[in-house]
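Hi everyone, thanks for making the time. I'd like to walk you through one structure today, so have a look at the sequence and the model on the screen.

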Amino acid sequence: MKKIIAIQTARAGSKSVKKKNLIRINGTPIFLHSLKSAIDCKMINRVVCSTNDKEIIRLSRKYKYNIIERPKFLSGDRASHFDTIKHALLESEKKSQHKFDIVILLLGNVVGVNSKVLSQAIRKLKHNDSVVSVSKFNMFNPIRAFYIN
């Protein structure tokens, strides 16, 4: 049986929408939605959140989610997402004393994931080496609008 880890990345310091990972949707901060879905997915063995945000750390501990505290060099605007994921994976393997075969990447600013979709994606990995979710959106977002002074 393959060992599966879900790694969520949710750093502090968003420039476009301040504290976007903590915005509440249906009373719950955005970052918690995908963590809950991953924990509800019976195919996933371990769920972690890689963050440098003090409030995300506090809330994750409150709900007993596993935290990987992200070092400063992986927390800035120029930090590599790949290096952040790699760091979280290696730290998780060290803490859990398990090697993981499959990595599920969750983003801290997404609410559309659920345990059923995660299970479907994992099952697709039997015949594929990777699976990526794709969605069609109307990309007009008033927060992204430009203003003329």
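I'll start with the core and the first helix, then move on to the salt bridges, a pocket and some backbone angles. One thing to keep in mind throughout is that this is a predicted model.

Let's begin on the inside. In soluble globular proteins, nonpolar side chains tend to be buried together. Here, the largest nonpolar core has 23 residues. Which of them touch the most other members? They are A6, F31, L35, A38, I44, I104 and L118. If you'd like to trace the core on the screen, look at β1 (4–9), α1 (30–40), β4 (46–51), α2 (54–62), β6 (102–107) and α4 (115–124), each of which supplies at least two of the core residues. The biggest giver is α1, with four residues.

A38 is a nice place to stop and look around. Setting aside neighbours within four places in sequence, A38 contacts A6, I44, V47, L106 and L118. There is also a second core, separate from this one, with eight residues, including I5, I85, A88 and L89.

Now for α1 itself. Because eight of its 11 residues are buried, α1 is largely enclosed by the rest of the structure. Those buried residues are I30, F31, L32, H33, S34, L35, S37 and A38, so you can see that the list has a histidine and two serines in it as well.

Let me pick out that histidine. H33 sits in helix α1, and with a relative accessibility of 18% it counts as buried, since the cut-off is under 20%. What does H33 contact, leaving aside neighbours within four places in sequence? The answer is I25, T28 and V111. N114 is worth finding too: H33 and N114 are 81 residues apart in sequence, yet their C-alpha atoms are 8.2 Å apart in space.

Another polar residue to look at is S119, over in helix α4. S119 is buried, at a relative accessible area of 14%. Beyond its neighbours within four places in sequence, S119 has contacts with C41 and M43.

On to the charges. Side chains of opposite charge can pair when their charged atoms come close. How many salt bridges does a search of the whole structure find? It finds five, and I'll show you some of them.

The pair I'd start with is D77 and R11, with 2.9 Å between the closest N and O atoms. This bridge links distant parts of the chain: D77 is in the loop between β5 (66–69) and α3 (81–96), R11 is in the loop between β1 and β2 (24–25), and 66 residues separate them. R11 is partly exposed, at 26% relative accessible area.

Next come R58 and E55, whose side chains meet in a salt bridge at 2.8 Å, N to O. Why are they about one helical turn apart? Because they are three residues apart in helix α2. Both ends are partly exposed, R58 at 44% relative accessibility and E55 at 30%.

Then we have R61 with E69, where the closest N and O atoms are 2.9 Å apart. In this pair R61 counts as exposed, at 52% relative accessibility, while E69 counts as partly exposed, at 47%.

R11 turns up again in the second largest pocket. About 360 Å³ of space lies in that pocket. Its lining has 19 residues, and T9, A10, R11, R70 and H81 lie nearest the centre. What is the mix of residue types in the lining? There are five nonpolar, 10 polar and four charged residues.

Last stop, the backbone. Most residues other than glycine have a negative phi, and most peptide bonds are trans. With that in mind, please find K64, which is not a glycine but has a positive phi of about 65 degrees. K64 is in the loop between α2 and β5, and it is exposed, with a relative accessible area of 71%. Q97 also has a positive phi, near 60 degrees, and is likewise not a glycine. You'll find Q97 in the loop between α3 and β6, where it counts as exposed at 70% relative accessibility.

That's my tour, and I'm happy to go back to any part of it. Thanks for listening!

Conventions:
Residues numbered from 1 in each chain as written. Predicted model: local features only at pLDDT ≥ 70, side-chain atom pairs only at ≥ 80, totals over all residues. Heavy atoms only, no water. Core = buried A, V, L, I, M, F, W, Y, C linked by side-chain atoms within 4.5 Å. Buried < 20%, exposed > 50% of the residue type's maximum accessible area, 1.4 Å probe, protein only. Contact = heavy atoms within 4.5 Å. 1 Å grid on protein atoms, 1.4 Å probe; cavity = no way out; pocket = protein on both sides within 12 Å on 5 of 7 lines; lining within 4 Å. Points joined across faces, edges and corners; volume = space filled by probe spheres on them. Nonpolar A, V, L, I, M, F, W, Y, C, P; charged D, E, K, R; others polar. Salt bridge = Lys/Arg side-chain N within 4 Å of Asp/Glu carboxyl O.
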